[in-house]
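Reader: Hey, I've just opened this one and could use a walk through it. Can you take me around?

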Amino acid sequence: RMKNTAAVDRAVSAWVSLAPEIRTGILMFSATGTLAGMHTVIRYLSESIHPFEIAFFRSFFGMLVLSPFIFKNGKNAFRTEQPLLNLIRGVTSLFAMLSWFYGLSGIELAKGTALSFTNTMFGALAAVWFLKERMLLKRWLAVLTGFSGMLIILRPGLIEVSNGSIIVLFSAFCWGIGMVLVKKLTETDGIVSIILWFTLLTTVSTFPFAASVWVWPEPEDYFWLLLMGFLGSIGHLAAVSGFKIADASSVMPMDFIRLVWISLFGFLFFGEIPELWTIIGAAVILSGSGLLMIPSIPSKS
């Protein structure tokens, strides 16, 4: 037991000794991979289960995965200095989840993921409101570039814009706000508390929607539902940990690694090959998000 404790201590020491940028990169690489896996499972389950019901099970089984933290720390696991902000995030997450799960059931994985990257654009605007950050020139350029990338993917007027694409964009808007709220919450609250509040609130709030379309899953579906909850909770832990270490504007562009994962999974499991316009549009949105990572030039007094 002492050897195990020493090994854990060495691992923690080695982790802490890494530069913040490296730790954030590792966390976001892990987060994007596990979340892409969750989205792949969602797409598979949506063929037989309504997206609203999937959203409920994602949070319900996610809560079960996180239950050891509750058993260990009791009510202290939910300790928060910003209960109202957690509640607001719960509301935005409800709409984000329902619209994402519903939209993802109707369009290609890569296209849905590429459109979801506009959350960085929406997040840049939300940071001005919630974090009182200045709307610098690079933010305006990032927003305009992100909007251009979105138009390249959708090509309105040239092809019909599907309802699924519009719903995914609404989800990205809600997620963008939620990502900024997470950064604000990390200033006072612990990572586990933030995720527990998210999971609890979304479990309760998605149930009425799930109940309205309820159909009992097939026995074999429960494995995938549990896997979805596990991947979602683990990915969420890694992502929030990344936000705890680095600035929101530095972390959000790393979410683009998810497109690599999702393109691979989409091809392997559904035979989907991303459209050229989807890749170009995602690259344009990425370039806009990259503007947020450019250090601001301090003004002269």
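Author: Sure, and one definition up front: a residue is called buried when its relative accessible area is under 20%, exposed when that is over 50%, and partly exposed in between. Keep in mind that this is a predicted model. With that cut-off, Arg 43 is buried, and Glu 272 is buried too.

Reader: OK, and which residue does Arg 43 meet in a salt bridge?

Author: Glu 272: their side chains form a salt bridge with 2.9 Å from N to O. Arg 43 sits in helix 2, while Glu 272 is in the loop between helix 12 and helix 13 (276-291), so the pair ties together parts that are 229 residues apart in sequence.

Reader: Why would two side chains like that pair at all?

Author: Side chains of opposite charge can pair when their charged atoms come close.

Reader: How many salt bridges does the structure hold?

Author: There are 2 salt bridges. Besides the one between Arg 43 and Glu 272, Lys 184 forms one with Glu 187, where the closest N and O atoms are 3.6 Å apart.

Reader: And Lys 184 and Glu 187, where do they fall between buried and exposed?

Author: Lys 184 has a relative accessible area of 27%, so it is partly exposed. Glu 187 is at 53%, so it counts as exposed.

Reader: Let's zoom out. How many helices and strands does the chain have?

Author: It has 13 helices and 0 strands. Read from the N terminus, the elements go α-α-α-α-α-α-α-α-α-α-α-α-α.

Reader: What percentage of the residues count as buried?

Author: The chain has 301 residues, and 50% of them count as buried.

Reader: New topic: holes. How many cavities of 30 Å³ or more turn up?

Author: A search of the whole structure finds 2 cavities of that size. The largest cavity has a volume of about 520 Å³.

Reader: Which residues are closest to the centre of the largest cavity?

Author: Leu 35, Trp 175, Met 179, His 236 and Ala 239 are the closest, out of 28 residues that line the cavity. The elements giving two or more residues to that lining are helix 2, helix 4 (83-104), helix 8 (163-185) and helix 10.

Reader: How does the lining of the largest cavity divide into nonpolar, polar and charged?

Author: It splits into 15 nonpolar, 9 polar and 4 charged residues.

Reader: What about pockets? What volume does the second largest pocket have?

Author: About 170 Å³. The elements that give two or more residues to its lining are helix 2 (20-45), helix 10 (221-245) and helix 12 (257-270). Helix 2 provides the largest share of that lining, with 4 residues.

Reader: Which residues line the second largest pocket?

Author: The lining is made of Gly 37, Thr 40, Val 41, Tyr 44, Trp 224, Leu 227, Phe 265, Phe 269 and Phe 270. By type, the lining of this pocket has 7 nonpolar and 2 polar residues, with no charged ones.

Reader: Phe 269 caught my eye. Is it buried or exposed?

Author: Phe 269 has 58% relative accessibility, so it counts as exposed. This residue is in helix 12. Besides lining the pocket, Phe 269 belongs to a nonpolar patch on the surface along with Leu 264, Phe 267, Leu 268 and Ile 273.

Reader: How much accessible area does the patch have together?

Author: About 570 Å².

Reader: Last thing: which residue comes within 9.7 Å of Phe 29, C-alpha to C-alpha?

Author: That's Trp 261, 232 residues apart from Phe 29 in sequence. Phe 29 lies in helix 2, and with 45% relative accessibility it counts as partly exposed.

Reader: Got other pairs like that?

Author: Yes, Met 63 and Thr 203 are 140 residues apart along the chain, with 8.0 Å between their C-alpha atoms. Met 63 lies in helix 3 (residues 51-73) and is buried, at a relative accessible area of 15%. Then there's Ile 280 with Ile 152: 128 residues apart along the chain, and 7.4 Å between the C-alpha atoms. Ile 280 is in helix 13 and is partly exposed, at 32% relative accessible area.

Note on methods. Residues are numbered from 1 along each chain as its sequence is written. This is a predicted model: local features need pLDDT of at least 70, side-chain atom pairs count only at pLDDT 80 or more; totals for chains, interfaces and linings use all residues. Side-chain values use heavy atoms; hydrogens and water are left out. On a 1 Å grid over the protein atoms alone, a cavity is a set of points where a 1.4 Å probe fits but cannot get out, and a pocket is an open set with protein on both sides within 12 Å along at least five of seven lines; lining residues have an atom within 4 Å of a point. Grid points are joined across faces, edges and corners, and a volume is the space filled by probe spheres set on the points. Ala, Val, Leu, Ile, Met, Phe, Trp, Tyr, Cys and Pro count as nonpolar, Asp, Glu, Lys and Arg as charged, and the others, Gly among them, as polar. Patches are made of residues with over 30% relative accessible area and no salt bridge: like charges are joined within 9 Å, nonpolar side chains (Val, Leu, Ile, Met, Phe, Trp, Tyr) within 5 Å. Accessible areas come from the Shrake-Rupley method with a 1.4 Å probe; for residues, only the protein chains shown count as cover. A salt bridge is a side-chain nitrogen of Lys or Arg within 4 Å of a carboxyl oxygen of Asp or Glu. Buried means under 20% relative accessible area, exposed over 50%, partly exposed in between (1.4 Å probe, protein chains only).
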